[in-house]
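Morning, everyone. I have one structure to walk you through today. Please have a look at it before I start.

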Amino acid sequence: LPDRDKQTRAVAASPFFENGSVYLDYSDPDFRDEIDEFVLELVQFPHGKNDDYVDTTTMAVLYFRDKYLVGEERYDQFDHEDDDREVTPRRTYWSR
């Protein structure tokens with residue numbers, strides 16, 4: 001979708017934010033201001049002043065989607081029987 005406009009890419013990527021496939025780690029206080037700025041730009045799109053984060057983030061999410069690296073349904077395609085680590089579901093965090 002790099003040949004599509006930003007709004008089309010954002011609509012295509014939004015389900016991955018909605019279903020929790022995109023995780024923002026808010027635990028490190030050194031990055032909270034940057035994460036707040038990032039999230040603010042995402043939620044203000046397309047009416048916000050800036051859209052660089054939106055553009056690069058949606059392109060990255062769609063790239064990983066196309067390479068089968070994101071999406072809940074994709075996790076089950078892999079064999080994890082030999083993996084004894086506990087899998088923690090990820091959630092999307094939009095606020096503290």
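**A walk through the helices**

Let's begin at the surface. Asp33 has a relative accessibility of 62%, so it counts as exposed. Keep in mind that this is a predicted model. Asp33 sits in helix 2, which runs over residues 32-44. Asp33 also belongs to a negative surface patch. The other members of that patch are Asp30, Glu34 and Glu37.

Now the overall picture. How many helices and how many strands does the protein have? Four helices, and zero strands. Read along the sequence, the pattern is α-α-α-α. The protein has 96 residues, and 26% of them count as buried. The protein exposes about 7,500 Å². Carbon and sulfur atoms supply 49% of that area.

What about contacts along the chain? Take the contacts with a separation of 6 or more. Residues 24 or more positions apart account for 63% of them.

Let's see some examples, starting with Ala13. Ala13 is in helix 1. Is Ala13 buried or exposed? Its relative accessible area is 0%, so Ala13 is buried. Which residues does Ala13 contact, leaving aside neighbours within four places in sequence? They are Thr58, Val61 and Leu62. Look at Val61 in particular. Ala13 and Val61 are 48 residues apart along the chain. Their C-alpha atoms are separated by 6.3 Å.

Next, Thr57. You'll find Thr57 in helix 3, residues 52-66. Its relative accessible area is 14%, and buried means under 20%, so Thr57 is buried. Thr57 touches Phe17 and Phe38, not counting residues up to four places away in sequence.

On to charges. Side chains of opposite charge can pair when their charged atoms come close. How many salt bridges does a search of the whole structure find? Three. Let's take them one by one.

Here is one pair: Arg9 and Asp55. The closest N and O atoms are 2.2 Å apart. Arg9 lies in helix 1 and Asp55 in helix 3, so this salt bridge ties together parts that are 46 residues apart in sequence. Arg9 is buried, and Asp55 is buried too.

Another pair is Asp51 with Lys6. Here the closest N and O atoms are 3.0 Å apart. This pair also links distant parts of the chain, 45 residues apart. Lys6 is in helix 1, residues 6-18, while Asp51 is in the loop between helix 2 and helix 3. Are these two buried? Let's check the numbers. Asp51 is at 24% relative accessibility, so it counts as partly exposed. Lys6 has a relative accessible area of 27%, so Lys6 is partly exposed.

The remaining pair is Arg65 and Asp66. Their side chains meet at 2.9 Å, N to O. Asp66 has 43% relative accessibility, so it counts as partly exposed.

One last stop: the backbone. Where is the cis peptide bond? It joins Phe45 and Pro46, with omega at about 10°. Pro46 is found in the loop between helix 2 and helix 3. Remember Asp51? Asp51 is in that loop as well.

So, what to take away? Four helices and zero strands. Three salt bridges. A negative patch that includes Asp33. And a cis peptide bond between Phe45 and Pro46. That's my tour. Thank you.

Terms used:
Residues numbered from 1 in each chain as written. Predicted model: local features only at pLDDT ≥ 70, side-chain atom pairs only at ≥ 80, totals over all residues. Heavy atoms only, no water. Patch = residues over 30% accessible without salt bridge, like charges linked within 9 Å, V, L, I, M, F, W, Y side chains within 5 Å. Areas by Shrake-Rupley, 256 points an atom, 1.4 Å probe, with all protein chains shown as cover. Salt bridge = Lys/Arg side-chain N within 4 Å of Asp/Glu carboxyl O. Lys, Arg positive; Asp, Glu negative; His and termini not counted. Charge placed at Lys NZ, Arg CZ, Asp CG, Glu CD. Helix = DSSP H or I, 4+ residues; strand = E, 2+ residues; numbered from the N terminus. Buried < 20%, exposed > 50% of the residue type's maximum accessible area, 1.4 Å probe, protein only. Contact = heavy atoms within 4.5 Å.
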